[in-house]
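Open your viewer, and let's take a short walk together, selecting one thing at a time. Some stops are single residues and others are pairs or groups.

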Amino acid sequence: MNQYLSRRYEEKELYETLKPHFYDLDLFCDTHYNCTKLINLPLSANEQVIRELEEMLKTPRLPPAIEKLVSSYIERSCGKDWHTGETARVLRENIVKQKEEYWKGSSKYPKLRVITYLLYHFPVYFCQFQYLLLDLLKGGLLSTKMSIVDAGAGPGTITLSTIDFFHRLLDIYSKNRIDVKINLRIDSVEKAQENIDCYNELTSLYLSQNPRVNAVITVNKPARAPIEKAAPARDADLIVFSNVLAEMKAAPAERAGIVETFASGSRSPTIIIIEPADLVNSKALRVTQHAL
């Protein structure tokens, strides 16, 4: 390649520059700069793989690496003793207030609300989503090359849960001597800058600290926009709306149109919509689902 460039580049420089293009070129290029053509196939879901994944998910908790990143983020934002004294009292009050606002469909995210979300909602939604990914794997809907869009990404719950799930899956494949290479591209849309800052920090740190030789995972910076005004997701294989439609002012039937518009840039995407299980939001989801 250096024959065609104005100056000589080291392999590492070329790799980092070209890495965002590997996905569109159907290439898998490892960190040793060996590149092979990636054939897009459904991921193996044999009995042994499923059994080990189910055993792993049986006792849901945040992986230590994620827990450490979240704890460090909270410490930097609120101080080391955030879990005691006045800081703890303010955080508890905000968790209650956030929950009240959330049920009313008017959740807001000033700086402190991001922290209370990480403390209260994040662990549950993180673990919950991995069960849904397990269902997709069983149904043959996860493959070696995927474009995933996190619509209404918040501080990165769904994105981090997805990366961790694929890491766990690849570890199981390696253990069972199943040779699998994957290339994932994750895009996202988020309207609150506080969430975007947190998303960028947590995802970039997690990826850099936990590389996998058999995975190329590209997480692009979120597009800042409400989903209603965001550009349609381009060529997505999986689009996830996690606990975000309920926050819209649009009526449940109208939300279907927003989902449809957002998905219109993709040929045949799988769409997951997750909402709270209270009566009002559950009924609203059914209306949206029926309209879709």
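Begin by selecting Glu13, which counts as partly exposed because its relative accessibility is 33%. Keep in mind along the way that this is a predicted model.

Now add Arg7 to the selection. Arg7 and Glu13 form a salt bridge, with their closest N and O atoms 3.3 Å apart. Arg7 is partly exposed too, at 42% relative accessibility.

**Next stop: helix 2**

Select Arg51 and Glu47 and show their side chains. The two meet in a salt bridge with an N to O distance of 3.8 Å. How many residues apart are they in helix 2? Arg51 and Glu47 are 4 residues apart in this helix, which spans residues 47–57, so about one helical turn separates them. Colour the pair by accessibility if you like: Glu47 is exposed at 65%, while Arg51 is partly exposed, with a relative accessible area of 46%.

**A link between distant parts of the sequence**

Please select Arg212 and Asp171 next. Their salt bridge brings the closest N and O atoms to 3.2 Å from each other. Arg212 sits in the loop between helix 8 and strand 5, and Asp171 belongs to helix 7 (residues 157–175), so this pair ties together parts that lie 41 residues apart in sequence. Arg212 is partly exposed at 25% relative accessibility, and Asp171 is partly exposed at 39%.

**A network of three**

Which residues should you pick to see a network of salt bridges? Choose Asp24, Arg185 and Asp187, which are linked in one. Across the model, the count comes to 17 salt bridges, so there are others to look for once the tour is over.

**Last stop: the largest pocket**

Turn on a surface and look for the largest pocket, which has a volume of about 700 Å³. To centre your view on it, select Lys19, Leu207, Ser208, Ile217 and Thr218, the closest to the pocket's centre of the 26 residues that line it. Then colour helix 1 (11–22), helix 8 (193–209) and strand 5 (215–219), the elements that each give two or more residues to this lining. Glu13 from your opening selection and Arg7 can be hidden for now. Finally, colour the lining by residue class: you should find 11 nonpolar, 9 polar and 6 charged residues.

How values were computed: Residues numbered from 1 in each chain as written. Predicted model: local features only at pLDDT ≥ 70, side-chain atom pairs only at ≥ 80, totals over all residues. Heavy atoms only, no water. 1 Å grid on protein atoms, 1.4 Å probe; cavity = no way out; pocket = protein on both sides within 12 Å on 5 of 7 lines; lining within 4 Å. Points joined across faces, edges and corners; volume = space filled by probe spheres on them. Nonpolar A, V, L, I, M, F, W, Y, C, P; charged D, E, K, R; others polar. Salt bridge = Lys/Arg side-chain N within 4 Å of Asp/Glu carboxyl O. Buried < 20%, exposed > 50% of the residue type's maximum accessible area, 1.4 Å probe, protein only.
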